[in-house]
Amino acid sequence: MFDFRPAPDCPKPEAYRQLVDAADALTSGESDAVANMANVAAVLWDFLPDLNWAGFYRVIEGELVLGPFMGRPACIRIPMGSGVCGVAAKTGETQLVEDVHAFPGHIACDSVTNSELVVPVTRDGQVIAVIDLDSPRTSRFDQEDRDGVEKLAQILGSRI
Ligand code: SME
């Protein structure tokens, strides 16, 4: 049994250290990308409060295709450059969006989402996927979230 959870009231950087360690432990001995994304989505969901969606979109033949996630059913295909995920995938840059309603072209898969963090995962300099976190709370994500999820994305480049 795996029981990865941060201690209550754990400072956010420490919670991310534990989250990244848990994701590292779960994926280091496994070569199956779907299994690894599924376990990482579950770890994100367990560790991070105030989320309504946590998961992956993969770059497949020039568009984003839904990958393993936790949360409600979501849009399956997103063109590169569209919405928050598409912009992150096209530019290779993290998108930290405090209010999705102010983001031009935001794709509302779930009307409860108010803020979003999308971090590209790269391999050999190419974006291969994005990690997408959605929250019902406006301004849910900050620099510490960005740093933590970017660290996670670094280790996943060779594992998904
Ligand atoms: N809101 C995202 C689409 C993905 S769902 O939120 C899961 C976007 O604008 O890219």
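A polar contact is a pair of N or O atoms within 3.5 Å. By that cut-off, the 2.6 Å between an oxygen atom of the ligand and an N or O atom in the side chain of D134 is a polar contact. The model is predicted, and this briefing covers the ligand, the cavity that holds the ligand, a second cavity and the largest pocket.

**Contacts of the ligand**

- D134 meets the ligand through its side chain, where an N or O atom is 2.6 Å from a ligand oxygen atom.
- E116 also uses its side chain: one of its polar atoms lies 3.2 Å from a nitrogen atom of the ligand.
- V84 contributes through the backbone instead, with an N or O atom 3.0 Å from an oxygen atom of the ligand.
- On its own the ligand has 300 Å² of accessible area, and the protein covers 99% of that area.

**Shell around the ligand**

- There are 13 residues around the ligand, and those that come nearest are V84, C85, I107, E116 and D134.
- Two or more shell residues come from each of strand 1 (53-60), helix 3 (83-91) and strand 6 (126-135).
- Helix 3 gives the largest share of this shell, namely three residues.
- In terms of class, the shell comprises eight nonpolar, two polar and three charged residues.

**Largest cavity**

- Two cavities of 30 Å³ or more are found in a search of the whole structure.
- The largest cavity is the space taken by the ligand, and its volume is about 130 Å³.
- Its lining consists of 16 residues; I107, C109, E116, D132 and D134 are those nearest the centre of the cavity.
- At least two lining residues are supplied by each of strand 1, helix 3 and strand 6.
- With three residues, helix 3 provides the largest share of the lining of the largest cavity.
- The lining of the largest cavity divides into nine nonpolar, three polar and four charged residues.

**Second largest cavity**

- The second largest cavity encloses about 30 Å³ of space.
- Its lining is formed by W53, R72, P73, A74, C109, D110, T113 and D134.
- C109 and D134, which belong to this lining, are also among the residues nearest the centre of the largest cavity.
- By class, four nonpolar residues, one polar residue and three charged residues line the second largest cavity.

**Largest pocket**

- The largest pocket holds about 150 Å³ of space.
- The elements that contribute two or more residues to its lining are helix 1 (12-27) and helix 4 (143-156).
- Helix 1 accounts for the largest share of that lining, six residues.
- The lining of the pocket is made up of K12, P13, Y16, R17, V20, D21, E144, D147, G148 and K151.
- Six charged residues, three nonpolar residues and one polar residue make up the lining of the largest pocket.

Methods: Residues are numbered from 1 along each chain as its sequence is written. This is a predicted model: local features need pLDDT of at least 70, side-chain atom pairs count only at pLDDT 80 or more; totals for chains, interfaces and linings use all residues. Side-chain values use heavy atoms; hydrogens and water are left out. On a 1 Å grid over the protein atoms alone, a cavity is a set of points where a 1.4 Å probe fits but cannot get out, and a pocket is an open set with protein on both sides within 12 Å along at least five of seven lines; lining residues have an atom within 4 Å of a point. Grid points are joined across faces, edges and corners, and a volume is the space filled by probe spheres set on the points. Helices (H or I, at least four residues) and strands (E, at least two) are DSSP runs, numbered from the N terminus. Ala, Val, Leu, Ile, Met, Phe, Trp, Tyr, Cys and Pro count as nonpolar, Asp, Glu, Lys and Arg as charged, and the others, Gly among them, as polar. A residue is near a molecule or strand if one of its heavy atoms lies within 4 Å of it. A polar contact is a pair of N or O atoms within 3.5 Å; within protein, one must be able to donate a hydrogen and the other to accept it, and residues adjacent in sequence count only if both atoms are side-chain atoms. Accessible areas come from the Shrake-Rupley method with a 1.4 Å probe; for residues, only the protein chains shown count as cover. A molecule sits in a cavity or pocket if more than half of its atoms lie within 2 Å of its grid points.
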